Amino acid sequence: RKIDRETDVISFAFEDDDSYKQLVSNQDVPRDIGEIFICVDVAKRQAEEYKHSLSREMAFLFVHGLLHLLGYDHMTEEDEKVMFAKQDEILNKAKLKRNEG
């Protein structure tokens, strides 16, 4: 994305390439859809800023990264609404609501 700064979470999808999808098309074989990297230093700062626990922030960042791997994005306002609603749904089910410390 040509942004030269640290970020809180970044995902690298393994299934962006059609040739990889063909290799894992057998549904009986577990799929490795990608990798998620979380910057713990940024997560710590954000947890303090949002006044919730580090574990809640790490869970949020993991869910955010996982949703990207599953094809969700937030490049448009409509896509953002869908993705963020899904994030909230998952975190609420895990009882990790905002500002929970």
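Visitor: Before I look at V9, what counts as a contact here?
Guide: Contact means heavy atoms within 4.5 Å. By that rule V9 touches I36, F37, I38, L61, H64 and G65, leaving out residues up to four places away in sequence.

Visitor: Okay, and what kind of model is this?
Guide: It's a predicted model, where local features need pLDDT of at least 70, side-chain atom pairs count only at pLDDT 80 or more, and totals for chains, interfaces and linings use all residues. Residues are numbered from 1 along each chain as its sequence is written, and side-chain values use heavy atoms, with hydrogens and water left out.

Visitor: What's the mean pLDDT of the protein?
Guide: pLDDT is the predictor's confidence in each residue, from 0 to 100. The mean for the protein is 85, and 79% of its residues reach 70 or more.

Visitor: Which elements have the lowest and the highest mean pLDDT?
Guide: Helix 1 (residues 18-23) has the lowest, at 53, while helix 2 has the highest, at 97. Where pLDDT is low, the predicted coordinates shouldn't be read in detail.

Visitor: How many helices and strands are there?
Guide: Four helices and two strands, running β-α-β-α-α-α from the N terminus on. Those are DSSP runs numbered from the N terminus: helices are H or I with at least four residues, strands are E with at least two.

Visitor: Back to V9. Where is it, and is it buried or exposed?
Guide: V9 is in strand 1 (residues 9-13). At 10% relative accessibility, V9 counts as buried. Buried means under 20% relative accessible area, exposed over 50%, and partly exposed in between, using a 1.4 Å probe and protein chains only.

Visitor: What separates V9 from F37?
Guide: They're 28 residues apart along the chain, with 5.6 Å between their C-alpha atoms.

Visitor: H64 was on V9's list too. What does H64 touch?
Guide: Apart from residues up to four places away in sequence, H64 touches V9, H74, M83, F84 and Q87. H64 lies in helix 3, and H64 counts as buried because its relative accessibility is 10%.

Visitor: New topic: how do helix 2 and helix 3 pack?
Guide: Helix 2 (residues 40-50) and helix 3 (residues 54-69) pack at about 115°, with their axes 9 Å apart. The axes are lines fitted to C-alpha atoms, for helices over the stretch in contact, and angles run from 0 to 180 degrees between N-to-C directions.

Visitor: Which residues make that contact?
Guide: From helix 2, V40, A43, K44, Q46, A47 and Y50; from helix 3, L54, E57, M58 and L61. They divide into seven nonpolar, one polar and two charged. In that count, Ala, Val, Leu, Ile, Met, Phe, Trp, Tyr, Cys and Pro are nonpolar, Asp, Glu, Lys and Arg are charged, and the others, Gly among them, are polar.

Visitor: And what's in the largest nonpolar core?
Guide: Five residues: A59, V63, L67, M83 and L91. Helix 3 gives the most, with three residues. A nonpolar core is a set of buried Ala, Val, Leu, Ile, Met, Phe, Trp, Tyr and Cys residues joined through side-chain atoms within 4.5 Å.

Visitor: Last one: what's up with the phi of K51?
Guide: Phi of K51 is near 60°, a positive value in a residue other than glycine. Most residues other than glycine have a negative phi. K51 is in the loop between helix 2 and helix 3, and K51 counts as exposed at 67% relative accessibility.
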